[in-house]
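Colleague: I'm new to this one and would like to know what stands behind the labels people put on it. Can we go through it together?

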Amino acid sequence: MAAALEEDEIDNDDYYSLLNVRREATQEELKASYRRLCMLYHPDKHRDPELKRQAEQLFNLVHQAYEVLSDPQSRAIYDIYGKRGLDVEGWEVVERKRTPAEIREEFERLQREREERRLQQRTNPKGTISVGVDATDLFDHYEEDYEEITGGGLPHIEINRMHISQSIEAPLTTTDTAILSGSLSTHNGNGGGNINLALRRVTSAKGWGEVELGAGDTHGPLFGLKIFRNLTARCFMTAQCGMQFSSRGVRPGVTTMLARHLDKNTMGYLQWRWGTQSSMSTSVVRDTKSSHFTFAVQLGIPHTFIMMSYQYKFQDEDQTKIKGSVKTGFFGTVVEYGAETKISRHSVLGATVSVGVPQGVSLKIKLNRASQTYFFPIHLTDQLLPSAVFYATVGPLVFYLAIQRLVIKPYMHAQKEQELEKQRESAASDIAKKKQEAESAVLLMQESVRRIIEAEESRMGLIVLNAWYGKFVTDNSRKHERARVIDVTVPLQCLVKDSKLILTEASKAGLPGFYDPCVGEEKSLKVLYQFRGVMHQVLSGDTEALRIPKQSHRIDNDT
């Protein structure tokens with residue numbers, strides 16, 4: 001059974017969609033839908049050998065779906081594992097005696113074991129590369145000095161600092177993890193590095209402890225301890241102590257932090273640090289779906305400051321965010337503003353402009369690619385020059401828009417097309433089978449649809465005139481794309497009962513007489529119908545529930 005769980009993909013057959021019932025459907029709803037489809041597909045109703053064979057196949061498929069969903073144990077297994085889970089050996093002997101709730105608990109246990117196996121294979125690498133650029137000569141150069149030097153008219157830009165860090169995790173057991181990290185730094189020709197090894201143990205569901213050992217050519221050996229503990233359901237604390245050994249002696253340090261959930265979206269923090277840079281700080285962080293706000297106050301040696309920042313999150317596909325912050329203290333005042341956006345599935349690009357006294361103007365560009373971070377702080381000027389602020393703000397924006405239009409969008413479009421093509425190729429045989437089943441179902445529905453239309457016409461009821469399912473091209477900018485739809489007029493009319501048509505919240509590709517004409521793409525259902533002699537039309541999303549007739553679907557005479 002566990003072996004079967006290693007498969008991430010399950011069969012595409014949706015029994016709920018096939019029977020056109022809700023996932024919460026009662027036994028009465030299942031039985032009513034089953035009887036209706038049995039009357040439609042029963043082999044004895046057809047004399048033609050080919051139609052009889054096709055009806056038998058569809059009848060068996062409907063019967064199989066009903067058998068699974070009408071049995072509580074089988075239904076629980078299907079809801080969790082899909083159709084593939086029903087083929088796993090062992091359910092008949094062990095699981096049949098369990099309730100649906102116990103089956104779900106068994107699934108969660110097997111999922112935990114699966115995650116533990118994956119954990120053993122995961123190193124979770126994280127890395128940061130920072131390259132500092134000194135570009136002050138762009139705005140603060142001395143023209144008279146450069147005139148005496150050949151080529152002196154060009155500004156001098158140099159890399160004045162670099163930092164590289166990397167860490168990996170090695171799970172030893174389900175509770176123990178070893179973390180190996182190292183870093184290299186250089187600034188104006190001087191540099192150094194260090195390496196650290198940490199051993200972390202999860203002591204209980206409420207906390208963990210960590211021991212850290214380190215060595216480097218600039219700071220000397222390091223020994224540290226760190227603990228984390230949940231004090232209550234809404235409060236936790238961390239404590240960290242360390243000793244740094246050097247030629248000047250031992251430098252101890254202690255840091256403690258207490259955090260509490262003030263409400264669903266707000267956290268409060270209190271921190272005390274003792275050592276070479278002692279301080280006390282408090283902060284409040286509020287994080288919601290649309291915004292992130294932070295307010296912090298620190299009293300310390302040598303840094304005392306007040307900081308406030310706000311970030312707004314756009315609810316768009318690129319997960320764009322704009323942010324701004326103000327920080328003032330004994331060191332001066334710094335104002336920062338910037339934005340970040342998602343440029344691919346695993347990459348986020350951001351830019352921040354920093355304007356401060358006496359720090360000057362800087363542009364910080366950051367690229368997050370999966371678990372790797374690339375950071376480029378560019379120092380533009382030591383003074384507050386309007387020209388530097390202008391170019392730091394407008395330059396990255398213009399550059400990004402140009403790159404997005406000329407490089408990113410064409411690349412992402414090509415990648416999406418490749419993925420869709422792969423999906424179509426891998427699903428080609430399955431789609432061909434589904435198409436054949438749908439065509440067979442439509443042939444078997446003809447007689448029933450004729451009787452339904454006669455009954456609906458006699459009472460001026462619901463008559464489906466035309467219905468299409470698939471990808472519609474409605475945007476003028478996408479006219480070059482070809483619409484891919486199939487005619488589903490007959491299957492929809494067959495589902496009409498007492499002048500009503502009800503479709504549940506499930507992909508309509510699983511309905512009798514339907515199939516997916518455009519794998520991996522957004523699909524819709526468009527229906528043109530007549531009710532009480534009046535024309536109606538509706539466009540519904542693939543997984544949206546649909547109930548007709550409705551007054552809102554009515555077509556005005558002027559339309």
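Modeller: Sure, and bear in mind that this is a predicted model. Let's begin with a sheet: four strands form it in the order 19-18-21-22, with antiparallel pairing.

Colleague: What makes strand 19 and strand 22 the edges?

Modeller: Strand 19 (484-487) and strand 22 (534-541) each have a single partner strand, so one side of each is left without a neighbour in the sheet. On average, neighbouring strands here are turned by 20° against each other, direction ignored.

Colleague: How do you know that strand 18 and strand 19 pair?

Modeller: Pairing takes at least two bridges. Strand 18 (residues 462-471) and strand 19 are joined by four, so they qualify, and they run antiparallel. One contact to look up is Trp 468, whose bridge partner in strand 19 is Asp 487.

Colleague: And what joins strand 4 to strand 5?

Modeller: Strand 4 (residues 190-204) and strand 5 (residues 207-216) pair over ten bridges, in the antiparallel sense. Asn 194 has Gly 216 in strand 5 as its bridge partner. These two strands form a hairpin, with two residues between them.

Colleague: Which strand does strand 5 pair with through eight bridges?

Modeller: That's strand 6 (residues 222-232), again antiparallel. Gly 209 stands opposite Ile 227 in strand 6. Strand 5 and strand 6 form a hairpin too, with five residues between them, and Gly 220 in the turn has a positive phi of about 85°.

Colleague: What makes the phi of Gln 319 worth pointing out?

Modeller: Most residues other than glycine have a negative phi. Gln 319 is not a glycine, yet its phi is positive, about 50°. You'll find Gln 319 in the loop between strand 12 (305-313) and strand 13 (321-329). Met 460 is another case, with a positive phi near 55°. Met 460 sits in the loop between helix 10 (428-458) and strand 18.

Colleague: Why are Gln 319 and Met 460 called partly exposed?

Modeller: Buried means under 20% relative accessible area and exposed means over 50%. Gln 319 has 45%, so it falls in between. Met 460 has 48%, so it gets the label partly exposed as well.

Colleague: Why is Cys 518 called buried or exposed, whichever it is?

Modeller: Its relative accessible area is 1%, under the 20% limit, so Cys 518 is buried. Cys 241 has 36%, which means it is partly exposed.

Colleague: How many disulfides are there?

Modeller: Zero. To count, two cysteine sulfur atoms would have to lie within 2.5 Å, so the count tells us that no pair meets that limit.

Colleague: Where are the cis peptide bonds, and what are their omega values?

Modeller: One joins Val 357 and Pro 358, with omega about 5°. Pro 358 lies in the loop between strand 15 (347-357) and strand 16 (360-369). Another joins Ile 548 and Pro 549, with omega about 10°. Pro 549 is in the segment after strand 23 (546-548).

Colleague: Last topic: what lines the largest cavity?

Modeller: Its lining residues are Ser 17, Asn 20, Leu 503, Thr 504, Ala 506, Ser 507, Lys 508 and Leu 511. By class, that gives three nonpolar, four polar and one charged. The volume of this cavity is about 40 Å³, and the structure holds one cavity of 30 Å³ or more.

Terms used: Residues are numbered from 1 along each chain as its sequence is written. This is a predicted model: local features need pLDDT of at least 70, side-chain atom pairs count only at pLDDT 80 or more; totals for chains, interfaces and linings use all residues. Side-chain values use heavy atoms; hydrogens and water are left out. On a 1 Å grid over the protein atoms alone, a cavity is a set of points where a 1.4 Å probe fits but cannot get out, and a pocket is an open set with protein on both sides within 12 Å along at least five of seven lines; lining residues have an atom within 4 Å of a point. Grid points are joined across faces, edges and corners, and a volume is the space filled by probe spheres set on the points. Ala, Val, Leu, Ile, Met, Phe, Trp, Tyr, Cys and Pro count as nonpolar, Asp, Glu, Lys and Arg as charged, and the others, Gly among them, as polar. Axes are lines fitted to C-alpha atoms, for helices over the stretch in contact, and angles run from 0 to 180 degrees between N-to-C directions. Buried means under 20% relative accessible area, exposed over 50%, partly exposed in between (1.4 Å probe, protein chains only).
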